[in-house]
Amino acid sequence: MRTMTGQPASPGSEDRRGASAPRPGATPGRPLLPGRPGRPDVFTFGETMVALRGSGPLKLGGTMNVSIAGAESNVAIGLARLGHDVRWAGAVGEDEAGQLVLRTLRAEGVGVSGASTDPGAPTGLLLFEPRLPEVTRVHYYRTGSAGSRIGAEVIQRAFSAAPPRILHLTGITPSLSPTARAAARRALQLARESGSLVCLDVNFRARLWTAEAAAEVLREWIPFVDVLIASDDELPLCLPGGGGGSGEGSPGGAEGSRAGGGLRAEGVGAGMGAVGGDGGLGAEGAGRGLGAEGAGRGPARCGSEPGEDAAAGARACGVAVPLPPQGVAGGPAATVATQAGLLLDQGVGEVAVKLGAQGATAFTHGGSLHRPARPVRAVDAVGAGDAFVAGYLSGLLDGEGPAGRLERAVTTGAFAVASPGDWEGAPTRAELGMLGAPPGTVVR
């Protein structure tokens, strides 16, 4: 069996298991398109917002730092810093906030020629409000934003200009609006027609749509997906079952329902590849409950904290979350392996599962491979999941096997949680080895 890059599956610590044939019409394990001048390594699109980070409770005023934030653009910046040619498309308002988004992405080496400005809608906004040393609240102002109104014609133009080697999608974009969902649907179709590999980061947001609505869309997308990245509690949303389609037709599904007001910060998910230097949950466990929950001081709440666990937060908000198969011998690890196996059988080429403080595991048709989290002093969990994705795709583009992809992913995730901000801590290629330096090292 061969991996996504056409290299033999790594031997050794992989757990070999059989895999049944994928469903007819599915697209397992497409090799990467060859690199060509003018053809980007990665194309991604979604909503990027202006982010204001306060120094304390918002109602008391004070200073705020201005930046940008968005799951897909975080991945794009992470890949660009690692030396890859990456393009981002999205819609911003015809306003100064939109200019900040485009200017920042250009400065980071991300191509934005496919982006558009919308004179009839503003650029989205989110506010970060630190309330305790390990608890941050996030407030969103994105309803009716330019980014939520992106249309399929933007994606059509991007693929016509230069089909990418990899199309990267998240589960956030289809939750924003019917037009955004149609754009994602068209991207999947164009990726299949052009032979582009498809990477999907589930990135479930319980306050943008229900688990049922997300599952209906994601399950119909699965036959189009080559690389699936998810936290362990997001896997059930992709499994075949009630609410999904047959997967043989065009991807799509029912319109997601907004739950009103906020959502956890873009890019926060379970298992970011870094464990707190004090041996605690650290920032990479953001999807497991940063702060109060992560420290064992209470359950997830129905709020907009960036560290809130997606499934726990959904349950707290009264949203039904599909449960994984019951009665699987061997505990949670066996359950994850079984779920990943089902997705491989559906035609997914590989499944990378983020496991919080336990690191991450990759499942392919050749077996599975685990990598523990990298120990760092956690500063900010926001954006760590996107850094993980950037590292994983970077390894894939470089022809690394599962071990190399996972190692780079947990390393880039660790860099992200060691720095404040959504994307600011993403490493360059030359910096990847710095995590191995002993404490107190001064690089001269």
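What percentage of the 444 residues in the protein chain do buried residues make up? Buried residues (under 20% relative accessible area, with exposed meaning over 50% and partly exposed in between, for a 1.4 Å probe and protein chains only) make up 58% of the 444. This is a predicted model, in which local features need pLDDT of at least 70 and side-chain atom pairs count only at pLDDT 80 or more, while totals for chains, interfaces and linings use all residues. Residues are numbered from 1 along each chain as its sequence is written, and side-chain values use heavy atoms, with hydrogens and water left out.

**View 1. The protein chain as a whole.** The chain holds 10 helices and 16 strands, where helices (H or I, at least four residues) and strands (E, at least two) are DSSP runs numbered from the N terminus. Among contacts (heavy atoms within 4.5 Å) with a separation of 6 or more, 74% join residues that are 24 or more positions apart.

**View 2. The largest nonpolar core and the surroundings of L228.** A nonpolar core is a set of buried Ala, Val, Leu, Ile, Met, Phe, Trp, Tyr and Cys residues joined through side-chain atoms within 4.5 Å. The largest one has 52 residues, of which F45, I155, L167, L228, L343 and V351 touch the most other members. Once neighbours within four places in sequence are set aside, L228 is in contact with L200, V202, I222, L235, C238, L343, V348, E350, V351 and A352. Another core, of 39 residues, lies apart from the largest, and its members include A80, V101, V110 and A409. In soluble globular proteins, nonpolar side chains tend to be buried together.

**View 3. Two buried cysteines.** C238 counts as buried at 2% relative accessibility, and C199 is likewise buried, with a relative accessible area of 0%. The structure holds zero disulfides, a disulfide being a pair of cysteine sulfur atoms within 2.5 Å.

**View 4. The second largest cavity and helix α1.** On a 1 Å grid over the protein atoms alone, a cavity is a set of points where a 1.4 Å probe fits but cannot get out, and lining residues have an atom within 4 Å of a point. The structure holds three cavities of 30 Å³ or more, and about 50 Å³ of space lies in the second largest, with volume taken as the space filled by probe spheres set on the points, which are joined across faces, edges and corners. The lining of this cavity is formed by N74, G78, G383, D386, A387, A416, D422, W423 and A426; α1 (71-81) and α9 (384-397) each supply at least two of its residues. In α1, 10 of the 11 residues are buried, among them N74 and G78. After α1 comes G83, with a positive phi near 95 degrees.

**View 5. N203 in a loop.** N203 is found in the loop between β10 (197-201) and α6 (211-221), and its phi is near 45 degrees, a positive value in a residue other than glycine. Most residues other than glycine have a negative phi. At 3% relative accessibility, N203 counts as buried.

**View 6. L237 and P178, with one partner each.** L237, in the loop between β11 (227-231) and β12 (274-276), is buried with a relative accessible area of 3%, and 7.1 Å separates its C-alpha atom from that of R219, 18 residues apart along the chain. P178, in helix α5 (residues 178-194), is partly exposed at 44% relative accessible area, and 8.5 Å separates its C-alpha atom from that of R149, 29 residues apart along the chain.

Definitions and conventions
On a 1 Å grid over the protein atoms alone, a cavity is a set of points where a 1.4 Å probe fits but cannot get out, and a pocket is an open set with protein on both sides within 12 Å along at least five of seven lines; lining residues have an atom within 4 Å of a point.
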